[in-house]
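Hi,

Here is the structure I promised to pass on to you. Have a look at it first, and then read on for what turned up when I went through it.

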Amino acid sequence: MILQTDGQTPIYIQIAHWLETQILTGAFIAHEKVYSQYQLADMLQINPATAAKGLNVLAAEGILYDKRGLGKFVSEDAKRHIKEKRKDGLLHELMEQIVEEALYLDVSKEELTSIVENVYQEKRDRKNGSH
Amino acid sequence: MEAIKCTNVVKKYGGRLALDHLSTEIPTNSITGIVGRNGAGKTTLLKIIAGLTRETSGDIQVLGAHPFNSLQVSANSIFIDDVLSFPNTLTLLDILKEGERFYPNWQMDLARRLLEYFEMPEQMVHSYLSKGKKSTFNAVFGLATRSPLTIFDEPTTGMDASVRSDFYRALLKDYLAHPRTILISSHHVDEIEDLLEYVLLIDLGKTKLHKEIDDVRSFLIGIYGRTELLEHWVKEREVYYRRRIGDTETYVVIENHVEKEELEKLGFKTEAISCSDACVYVTNQRKGGIDDVFTRR
């Protein structure tokens, strides 16, 4: 993962997002231990307190749970939880940016829909092909 | 528990106030970036904390003691800068051996491995080192003391980009394995910000800002918009920076207590302000921008 330090998104939020994506792609499964704050700090060259904040965001949302002295683990329904959250949040935000750009460029709704269909098809084929 | 507690610390050099009733608290086992303009008082503060200079007035506690002339503070802290001098007759290895004699947590193995990595022969004499190599050696010495309070004042002066990034990597790895209180001052905030837990911004000898790094990153926000609308809207707010763009648009930087939706309704565009830019804006306020110098009055 490459961290963006332009200030647009706080580092700890970026870490939380990245861990969520790791869970979505199956890099971590339910009840598996995730990286500790120290591992994250070492991997990403960041302060361990920042890494801990990222982990705590996910713990507060119930995506991770704590085992005392052992670290943080992926919750049973973490995947479902993340998907729901991201549909309302990130996906919606990105969609707004896309539609805004389309309006600037006078791209019609039909054109936009066809671009979305093409990209969707492409990504899905690639994803299915890789499995 | 705080490792350092300063209350109303004043330092006068001649008639000039280098520190002007500065107060701050630095928590134990954290990395704090000390930032500020040239002459803001960073080095003075760090030297007082290390016990190398005595404050004119005010109260200061470091690791539970008053630092000036304190053997306890001296044995548990290290102050590294680019003018640190070692005796000319000693080789680098001799200096490391002296370090081992004085510092209880000294890491001889780490020090020698770092010297080897940075390609510095142990038999070299310190004064023959280039500026960059001197800084590198001093930084290695600072890491090897593994002092509960480790202070780096502009540690990377003269280091090339690759050595700088290696040094910061070494610093973080050693900190992760052996947490301690670290203060680093630097003009290149963007280089160190990811390492930091806190930023202490000093201006005119006072604490201007002391926050967690993420809070500094989100402290200010930049807004673009049509001049009449934007100027009306910021009337009641403190503007940290203002620039006209062409005839119709203006860019302002204000504190980030705004509703994004409200801005969108007014047709304004926003932009995040990085940590280093925030530090510049916060300390630039009093004199306007460089553009003003070129504006005829």
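Please keep in mind that this is a predicted model. I'll begin with a helix of chain B: α5 (residues 131-145) lies across β5 and β6 of chain B, and its direction runs at about 170° to β5(B). Another helix of chain B, α11 (residues 275-284), packs on the sheet as well. There α11(B) touches β3, β8 (198-203) and β9 of chain B, and its direction makes about 25° with that of β8(B).

The sheet itself is open and has 6 strands, in the order β5-β6-β7-β3-β8-β9 of chain B, with mixed pairing. At its edges are β5 (77-80) and β9 (206-212) of chain B, each of which pairs on one side only. From one strand to the next, the twist averages 15°.

If you want a strand to zoom in on, try β7 (residues 181-185) of chain B. Is β7(B) mostly covered or mostly open? It is mostly covered, with 5 of its 5 residues buried. Both faces of β7(B) are covered: B:T181, B:L183 and B:S185 are buried on one side, and B:I182 and B:I184 are buried on the other.

The pairing of β7(B) fits its place in the strand order, between β6 and β3 of chain B:

- Strand β6 (residues 149-153) of chain B runs parallel to β7(B), and 5 bridges join the two. One pair to look for is B:F152, whose bridge partner in β7(B) is B:I184.
- Strand β3 (residues 31-35) of chain B also pairs with β7(B) in the parallel sense, over 4 bridges. Here B:I31 has B:I182 of β7(B) as its bridge partner, and B:G33 stands opposite B:I184.

So B:I184 is a handy residue to centre the view on: B:I184 is buried, it is the bridge partner of B:F152, and it also stands opposite B:G33.

Chain B has another open sheet, this one of 3 strands in the order β2-β1-β4, with antiparallel pairing. Why is one side of β2 (16-27) and of β4 (57-62) of chain B left without a neighbour in the sheet? These two strands stand at the edges, and each has a single partner strand, so one side of each has no neighbour there. The twist in this sheet averages 15° from one strand to the next. Strand β1 (residues 2-13) of chain B pairs with β2(B) in the antiparallel sense over 8 bridges, and within these strands B:I4 stands opposite B:I26 of β2(B).

Now to chain A. This chain has 5 helices and 2 strands, which follow one another along the sequence as α-α-α-β-β-α-α. Its radius of gyration is 18 Å, well over the 14 Å that the globule rule gives for 131 residues, so chain A is more spread out than a compact globule. The C-alpha trace of chain A spans about 55 × 35 × 25 Å along its principal axes. Of the 131 residues in chain A, 27% count as buried. Taking the contacts in chain A between residues at least 6 apart in sequence, 51% join residues at least 24 apart.

Finally, the contact between the two chains. How many residues does each chain put into the contact? Chain B gives 19 residues and chain A gives 17 residues. On the chain B side, the elements that give two or more residues are α6 (161-177) and α8 (213-217). The largest share of that side, 4 residues, comes from α6(B). By class, the side of chain B that touches chain A has 9 nonpolar, 2 polar and 8 charged residues.

The helix pair to look at here is α2 (residues 37-44) of chain A with α6(B): their axes come within 10 Å and cross at roughly 170°. That makes α2(A) roughly antiparallel to α6(B). From α2(A), the residues making this contact are A:Y38, A:A41 and A:D42, and from α6(B) they are B:L172, B:K173 and B:L176. By class, this helix contact has 4 nonpolar, no polar and 2 charged residues.

Happy browsing, and best wishes!

Key:
Residues numbered from 1 in each chain as written. Chains lettered and ligands numbered in written order. Predicted model: local features only at pLDDT ≥ 70, side-chain atom pairs only at ≥ 80, totals over all residues. Contact = placed C-beta atoms within 7 Å. Nonpolar A, V, L, I, M, F, W, Y, C, P; charged D, E, K, R; others polar. Axes fitted to C-alpha atoms, helices over the stretch in contact; angles between N-to-C directions. Parallel < 35°, antiparallel > 145°, perpendicular 65-115°, else oblique. Pairing = 2+ DSSP bridges. Rg over C-alpha atoms; globule rule 2.2 N^0.38 Å. Buried ≥ 20, exposed ≤ 12 C-beta atoms within 10 Å, placed from the backbone.
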